[in-house]
Amino acid sequence: MPEAADSGRFPRGVLFDLDGTLLDSAPDMLATVNRMREARGRAPIVLEAIRPHVSRGARAMAGAAFPDIPVERVPELVPEFLALYREELGRHGRPFDGIEAMLAALEADGVRWGIVTNKPVALARDLLPGLGWATRSAVLVGGDSLAERKPHPLPLLHAADAIGLAPADCVYVGDDRRDIDAARAAGMASVVALWGYRLDDDDPAAWQGDAMIGSPRALLDPAAWPRLR
């Protein structure tokens, strides 16, 4: 397992998951599923009912919003979810507290950073200008950008190549087991973002990331990052 980073120096490249890592997008998704429920004459649900599912994609969100619908019919709801979500995109969600300060610290140290998400790339791209990240993020890879998506290592390998660094010179930060599995398969160190979205029975310690971090502000300290050899 990589050791702590040298004091005063961050990794040369950092790649991030988007939903649940950089961005608290659950409020956008709550607005989406409640529009779907309203159209069916159902009462709105609360954020806590869907928040653990946010990192798992549109199908998981639709299933959480309509737990009584047979599982084989949940995919029928996905196109409606995506269409409404596009309308709610960026209207309610915000970066997690401390993310902007952490990104600014990385940039001040000359770090190249980017985003690798399983979200459709068009949706992810539409979010970035409103967040001020469109020109700051050195690369954006979505779930449909390549032939594979996380937990396959290809998106991380592609992103590292795009920013001109070897995978061993990068760290991947994510809040889901797929993120950590993808990083390991790519030969990349990983940080488990404990502030993100998890189901109650998830055990992030079992993912065997190289560091487990409780808040974005903790990453302002270079010593909190895995040290790359």
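Let me start with Phe96, which in this predicted model counts as buried, at 10% relative accessibility. Its ring is paired with that of Tyr197, itself buried at 2% relative accessibility.

The pairing of Phe96 with Tyr197 is one of the contacts I would like you to look at on the screen. Phe96 sits in the loop between β3 (94–95) and α5 (99–108), while Tyr197 sits in the loop between β7 (189–193) and β8 (211–213), so the pair ties together parts of the chain that are 101 residues apart in sequence. As for geometry, the pair of Phe96 and Tyr197 is tilted, with 6.2 Å from centre to centre and 55° between the planes.

How many aromatic pairs does the structure hold? There are 5 aromatic pairs, and another of them joins Phe16 and Trp113, whose ring centres are 6.1 Å apart and whose planes stand at 75°, so that this pair is edge-to-face. Here the partners come from strands: Phe16 lies in β1 and Trp113 in β4 (residues 112–116), and the pair therefore ties together parts that are 97 residues apart in sequence. Phe16 is buried, with a relative accessibility of 1%, and Trp113 is buried too, with a value of 1%. With Trp133 added, Phe16 and Trp113 form one aromatic cluster.

From the rings I move to the annotated positions. Which residues does the UniProt annotation "binding site" cover? According to that record, which is an unreviewed entry, they are Asp17, Asp19 and Asp175. These residues span 159 residues in sequence, and yet no two of their C-alpha atoms are more than 8.5 Å apart, so they gather at one spot. From this set, Asp17 and Asp19 belong to the lining of the largest pocket.

Asp17 carries a further label, since UniProt, again in an unreviewed entry, places the feature "active site" there. In the model, Asp17 is found in the loop between β1 (13–16) and β2 (23–24), and with a relative accessible area of 6% it is buried. Its side chain makes a polar contact of 3.0 Å with the side chain of Lys150. If we leave out residues up to four places away in sequence, the residues that Asp17 touches include Leu22, Val116, Thr117, Tyr172 and Asp179, as well as Asp175 from the annotated set.

Is Asp175 buried or exposed? At 0% relative accessibility, Asp175 counts as buried, and its place is in the loop between β6 (170–174) and α8 (177–186). The side chain of Asp175 is joined to that of Thr21 by a polar contact of 3.2 Å. Beyond its neighbours within four places in sequence, Asp175 is in contact with Asp17 and Asp19, and also with Gly20, Ser55, Ala193, Arg198 and Trp207, among others. Tyr197, the ring partner of Phe96, is also one of the residues in contact with Asp175.

Let me turn now to Glu88, in helix α4 (residues 78–88). Glu88 is buried, with a relative accessible area of 5%. What does the side chain of Glu88 make a polar contact with? The partner is the side chain of Arg35, at 2.9 Å. Setting aside residues up to four places away in sequence, Glu88 touches Asp28, Ala31, Thr32 and Arg35.

Another arginine, Arg37, lies over the face of Phe66, at 5.8 Å from the ring centre. Arg37 is also touched by Pro44, which, not counting residues up to four places away in sequence, touches Asn34 as well. Pro44 is found in the loop between α1 (26–39) and α2 (47–50), and at 62% relative accessibility it counts as exposed. The C-alpha atoms of Pro44 and Ala31 are separated by 9.1 Å, with these positions 13 residues apart along the chain counted as their separation.

To close, I return to the annotated set, where the record's "binding site" positions, Asp17, Asp19 and Asp175, gather at one spot because no two of their C-alpha atoms are more than 8.5 Å apart.

Key
Residues are numbered from 1 along each chain as its sequence is written. This is a predicted model: local features need pLDDT of at least 70, side-chain atom pairs count only at pLDDT 80 or more; totals for chains, interfaces and linings use all residues. Side-chain values use heavy atoms; hydrogens and water are left out. UniProt positions are given in the numbering used here, feature names are shortened, and annotations may be inferred rather than shown by experiment. On a 1 Å grid over the protein atoms alone, a cavity is a set of points where a 1.4 Å probe fits but cannot get out, and a pocket is an open set with protein on both sides within 12 Å along at least five of seven lines; lining residues have an atom within 4 Å of a point. Helices (H or I, at least four residues) and strands (E, at least two) are DSSP runs, numbered from the N terminus. Buried means under 20% relative accessible area, exposed over 50%, partly exposed in between (1.4 Å probe, protein chains only). Contact means heavy atoms within 4.5 Å. A polar contact is a pair of N or O atoms within 3.5 Å; within protein, one must be able to donate a hydrogen and the other to accept it, and residues adjacent in sequence count only if both atoms are side-chain atoms. Rings of Phe, Tyr and Trp (its six-membered ring) pair if their centres lie within 6.5 Å; planes under 30 degrees apart count as stacked, over 60 as edge-to-face and the rest as tilted. A charge sits over a ring if NZ of Lys or CZ of Arg is within 6 Å of the ring centre and within 35 degrees of the ring normal.
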